[in-house]
Amino acid sequence: MNRSEATMHTQIPPHLMPETAQAPWGLVPDLGLTVAGTASMDELLTLQDLMADHGLTLQPTRMLYDRLYALERLSTAHARGDARLQAVAQDLFDAYQRRGEWIGLVH
């Protein structure tokens, strides 16, 4: 039996996986697990586009693992004064908090 066959037989059944591992935004085939982050990539890409409209930069994938960077970028977006940018930043901040990231406590 090769490695991929062994992996297929040892995958964790979806109903036994934590909710964060059942996210719709990606599957890691070697592990049989989904890529779960604190926010969906669609939301992060929307934020990236809105920030770019204001001359600001954002690295969406870094937002998934660097809590200090995420807090700084969300704060910058919120402080910009644009209502839509503020709303998206607030929604993402709330998503981080709901998932237990507590990025507001980083500083």
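This report describes the fold, the main helix packing and a few individual residues of a predicted model.

**Overall layout**

The protein chain contains four helices and two strands. Their order along the sequence is α-β-β-α-α-α. Of the 107 residues in the chain, 31% are buried. Taking contacts between residues at least 6 apart in sequence, 38% join residues at least 24 apart.

**The nonpolar core**

The largest nonpolar core has 17 residues, and those that touch the most other members are Leu47, Met51, Met63, Leu74, Leu92 and Tyr96. Two or more residues of this core come from each of α2 (41-53), α3 (67-79) and α4 (83-98). The top contributor is α4, with five residues. In soluble globular proteins, nonpolar side chains tend to be buried together.

**Helices α3 and α4**

Both helices can be checked against the length expected for their residue count. The table sets out the values.

| Helix | Residues | Expected span | Distance between end C-alpha atoms |
|---|---|---|---|
| α3 | 13 residues | 18 Å | 18 Å |
| α4 | 16 residues | 22 Å | 22 Å |

For α3, the end-to-end distance of 18 Å agrees with the span expected at 1.5 Å a residue. For α4, the distance of 22 Å likewise agrees with the expected span.

In α3 the buried residues are Tyr69, Ala70, Leu71, Arg73, Leu74 and Ala77. They pack against α2 and α4. In α4 the buried residues are Leu85, Val88, Ala89, Leu92, Ala95, Tyr96 and Gln97. These pack against α2 and α3. An α-helix has 3.6 residues a turn, so residues three or four places apart point the same way.

**How α2 meets α4**

The axes of α2 and α4 come within 10 Å of each other and cross at roughly 150°. The crossing of α2 past α4 is left-handed. On the α2 side, the residues taking part are Glu43, Leu44, Thr46, Leu47, Leu50 and Met51, and on the α4 side they are Arg84, Leu85, Val88, Ala89, Leu92 and Tyr96. Sorted by class, this contact has nine nonpolar residues, one polar residue and two charged residues. Leu47, Met51, Leu92 and Tyr96 belong to this contact, and they are also among the core residues that touch the most other members.

**Individual residues**

Glu43 lies in helix α2. Its relative accessibility is 32%, so Glu43 counts as partly exposed. Apart from neighbours within four places in sequence, Glu43 is in contact with Val88 and Leu92. Glu43 and Leu92 are 49 residues apart along the chain, yet their C-alpha atoms are separated by 7.5 Å.

Arg73 lies in helix α3. Is this arginine buried or exposed? Arg73 has a relative accessible area of 11%, and residues under 20% count as buried, so Arg73 is buried. Leaving aside neighbours within four places in sequence, the contacts of Arg73 are Met51, Leu56, Thr57, Leu58 and Met63. Two of these residues, Met51 and Met63, are also among the core members that touch the most others.

Arg99 is in the segment after α4. With a relative accessibility of 40%, Arg99 counts as partly exposed. Arg99 and Ala39 are 60 residues apart in sequence, while the distance between their C-alpha atoms is 8.9 Å.

Definitions and conventions: Residues numbered from 1 in each chain as written. Predicted model: local features only at pLDDT ≥ 70, side-chain atom pairs only at ≥ 80, totals over all residues. Heavy atoms only, no water. Core = buried A, V, L, I, M, F, W, Y, C linked by side-chain atoms within 4.5 Å. Buried < 20%, exposed > 50% of the residue type's maximum accessible area, 1.4 Å probe, protein only. Axes fitted to C-alpha atoms, helices over the stretch in contact; angles between N-to-C directions. Left-handed = near helix turned anticlockwise from the far one by under 90°. Contact = heavy atoms within 4.5 Å. Nonpolar A, V, L, I, M, F, W, Y, C, P; charged D, E, K, R; others polar. Expected span 1.5 Å × (residues − 1).
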